[in-house]
Amino acid sequence: MATSDDLKSLDTALAFDTWSTAVVHACTRRLVDYDAAGKLQPDLAEKWEIQDGGKSYCFTLGQGIQYADGSPIQAAHFVAALARVRDPKTASPGAAFFSGIASVDAPDPGTLVVKLKAPDPTLLNLMGLTFAAPLKPGQDSKLPSPSGPYQVEEYLPGEKVTLARNPHSEAAKAWVEKIVVQLKVAEALQMTRFQSGEVDLLPAVPAAELARLAGDAEAQKRLVRGVVPQTWYFGMNVTRAPWTNPKVRAAAALALDRERIVQLAGGGTVANGILPPGVPGYRKERPAPARDVDGAKKLLADAGFPGGLPPGKPITLWLASNEKYQRLAEAIQSDLKEVGIPVELKSVVLSEYLSGYRTKADCWFGGWYPDFPDAGNFLEPVLHGRSVPPKGSNAAHYRNTEVDGLLDRAHAAPLGAEREALYGQAEDRLLSDAPWAPLYFEEETRYARDGIQGITVHPVWRQILTGIRKGGA
Amino acid sequence: MTSDSRVSWAALLLRRLGGAAGTLLGVTLVTFLVVYRLPGDPAALLAGPRADPEVIANIRRELKLDQPLPLQYADYLVRLAHLDLGQSYVRREPVAEVIRRRLPQTLQLALAGWLCWLLFGTALGTWVAARPGRWREGALLGFSILGVSTPTFWVGLLLLYLFVTRWKLLPAGGSGTLRHLLLPLLALSFAGVAYYARVAHTTVRDALAQDYVRTARAKGLSFGSVVCRHALRNALLPLVTLAGADLAALLGGVVFTESVFDWKGMGQLAVESVALVDLPMILGVVLVSAIFVVLANLIVDLLYPLLDPRIR
């Protein structure tokens, strides 16, 4: 398969971008993993008990589990992996996830005990992250310890990574012999390579090709689409004019033509809330907001701006420079202008965007996704009062004690209906206060040759290599 | 060559080598200053869109980005003196290792392209100059204009369409084998050959109009020998200057050709490193390219006295 993306690192403690994670995921197993529907299932752990009022988790490992070389996987290897991720020297992007852990112990090779500082029902989700894969003693940390269905055979950064079937993994016969992921392949070349037979699968179909395939019924059959838990939104910094006024924010949210934005994005679903599908608490039944120019103008008039915002200091909308983002930001700009909110676009390179949008932007076009399917994991980093920069990623600088209270209560609540209801209340409040105007939920596409099976858009992992099968196998 | 001229040639070599070292040091300083003023924080990019500022700060410390600029530069020079180009931020492997992997690809494409330009371009230009005629000169002019003004990436896409999609003769980009080299080489040569043919044509034609050519003809030398030994040799000087500068530029990587054909060379590496604000990698790539520029100029400088004894 060929992708235009690169992967940053195959070190289990560092892998965090889509492809690094997909490769590490395919090469490792963790205590738990997500099934095709995105539900957590036992994996290397056979079972677990939750004790001490939710502050202690005792995992029992399965029998006969082993690495690709046949050596046994032991509880101590999880202890080593977590210690490495949490060590500040590693500078792991996953370190913060595990900051709530008080201790990790392996009383015997088959038992792992994780003690928490405070009850946190998402610990199971954390143990499913690739960061928590077991670390084989003496293993070079540049590559994942091969506990999964595949192992890395060759990795040429920026060129390709080759995965080979792990003979010792259960059901190894079900997987293909080899998977080669060609990295950093120009979009224009991808379909050419598919057509010439050099690649069998395009894990992300370039937008230009999608448009070309639209009228081809045969091709449409080969196309796999799936909505992933990522929300694209228009964010407003509530401490900067004119967004200090909630009515102006609400007017902006009403002004946006989301249907057209989805069209321009080349796929996706109009966002009917902040939480995307796949995150527990997502409400399918909530109606998607419709564009209402008159309503938006009326709100602006109520806010004291009949006839639109007066000319003054320009309002800057930040975006990361990219052809697609530019198109979408221009659509936002023209929608807002129509109701009387003129904004200027500021397109900057990704690195500048990432270091600047939290503090320098009046408003911005952004996307957000959870690390694992949990509403708290989605909302807390971006809309909780304690995440306001410089400490966190709450670029809206939004502080609301009521919302914070709901998020905190939900965080400690056990998984299930009560927790989801609390997050639902917080989300409702956020939607009416409008620090964000959600636009659409991301959709991903794959394009595979006939006979290649098991191609999916996974609700949690997005890119997943482990399910791929070849003709009838 | 007399012993006297050998001494002055050695002095020239020494002088040029000293200048080259100074140039390279200057290049590192300027690149360092420019690169460290690039907008954007490499740590923020490394940490990813979801990272907390705390994680970003950790990474900054880890990469020593929190230290003052002069200290960072001194540190860089010390490492450079030990032939250590540092670690890539993004790939987390030694810069030298990545360049070692990419350089052969670039050398292959650049040298092959350069030879095509020089050989075919000069041959074509000389041939038309030696056998002038309305049809031939018109065709050469047309080819030159077309070659120089057609964007390489467009030629590349056209070649891909014809040879890969349509006729299924060659692989769709990538690097490694001779079959992979053909299309990028064709795309790269199109403009270069056109340009060199034009330059060679003009210089050889002018040389053929000179008195010494008439004298040589009058001596009874054959036309072919006059063209090759007299006219072409005199016409070579501007071509060598041009070729030296072009070789240096080519060795720095051919960005468009590389990206159209997914040729994993230095050009792609340079573009990618800048986009990712991978500071040590940018410094490494620029330094290596600068070494080529300096080397190519050095060679041209040293070739002059051999081609034209008047230059010392």
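Which residue of chain A forms a salt bridge with Arg102(B)? Keep that question in mind while you load the view, and bear in mind throughout that this is a predicted model.

**First stop: the boundary between the chains**

Select Arg102(B) together with Glu159(A), and you have the answer, for these two form a salt bridge in which the closest N and O atoms are 3.4 Å apart. Between chain A and chain B the count is 2 salt bridges, and 6 residue pairs are in polar contact across the same two chains. On the side of chain A that touches chain B, the elements giving two or more residues are helix 4 (187–195), helix 11 (350–360) and helix 12 (375–383) of chain A, and the largest share, 7 residues, comes from helix 11 of chain A.

Now widen the selection to the whole boundary, where 43 residues of chain A are in contact with 38 residues of chain B. The size of an interface is often given as the accessible area lost when the parts come together. Here chain A and chain B bury about 3300 Å² between them, with 54% of it on carbon and sulfur atoms. To see where chain A loses the most area to chain B, select Lys8(A), Pro157(A) and Ser351(A), which together account for 17% of what that side buries.

**Second stop: a salt bridge that joins two chains**

Select Asp262(B) and Arg193(A), whose side chains meet in a salt bridge at 3.0 Å, N to O. Asp262(B) lies in the loop between helix 11 and helix 12 (266–275) of chain B, while Arg193(A) lies in helix 4 of chain A, so the pair joins two chains. Are these two partners buried or exposed? Asp262(B) is buried, because its relative accessible area is 3%, and Arg193(A) counts as buried as well, at 1% relative accessibility.

**Third stop: within chain A**

Move next to Arg84(A) and Asp11(A), whose side chains meet in a salt bridge of 2.7 Å, N to O. Arg84(A) is in helix 2 (residues 75–86) of chain A and Asp11(A) is in the segment before helix 1 (18–27) of chain A, so this pair ties together parts that are 73 residues apart in sequence. Arg84(A) counts as partly exposed at 22% relative accessibility, whereas Asp11(A), with a relative accessible area of 7%, is buried.

Then select Lys298(A) and Asp302(A), where the side chains meet in a salt bridge of 3.8 Å, N to O. Because they are 4 residues apart in helix 9 (residues 293–302) of chain A, Lys298(A) and Asp302(A) are separated by about one helical turn. Lys298(A) counts as exposed at 54% relative accessibility, and Asp302(A) is partly exposed, with a relative accessible area of 45%.

To finish with the charged pairs, add Glu198(A) and Lys264(B) to Arg193(A) and Asp262(B), since salt bridges that share partners join these residues into one network. Over all chains, the count comes to 38 salt bridges.

**Last stop: a nonpolar patch on chain B**

Finally, show the surface and select Phe153(B), Trp154(B), Leu157(B), Leu158(B), Val255(B), Phe256(B) and Val271(B), which form a nonpolar patch with about 650 Å² of accessible area together. The elements that give two or more residues to this patch are helix 7 (152–166) and helix 11 (255–260) of chain B, and helix 7 of chain B gives the most, with 4 residues. Pause on Val255(B), which is found in helix 11 of chain B and counts as partly exposed at 37% relative accessibility.

Note on methods
Residues numbered from 1 in each chain as written. Chains lettered and ligands numbered in written order. Predicted model: local features only at pLDDT ≥ 70, side-chain atom pairs only at ≥ 80, totals over all residues. Heavy atoms only, no water. Patch = residues over 30% accessible without salt bridge, like charges linked within 9 Å, V, L, I, M, F, W, Y side chains within 5 Å. Areas by Shrake-Rupley, 256 points an atom, 1.4 Å probe, with all protein chains shown as cover. Salt bridge = Lys/Arg side-chain N within 4 Å of Asp/Glu carboxyl O. Buried < 20%, exposed > 50% of the residue type's maximum accessible area, 1.4 Å probe, protein only. Contact = heavy atoms within 4.5 Å. Buried area = accessible area lost by both parts, 1.4 Å probe. Polar contact = N/O pair within 3.5 Å; in protein donor to acceptor, adjacent residues only side chain to side chain.
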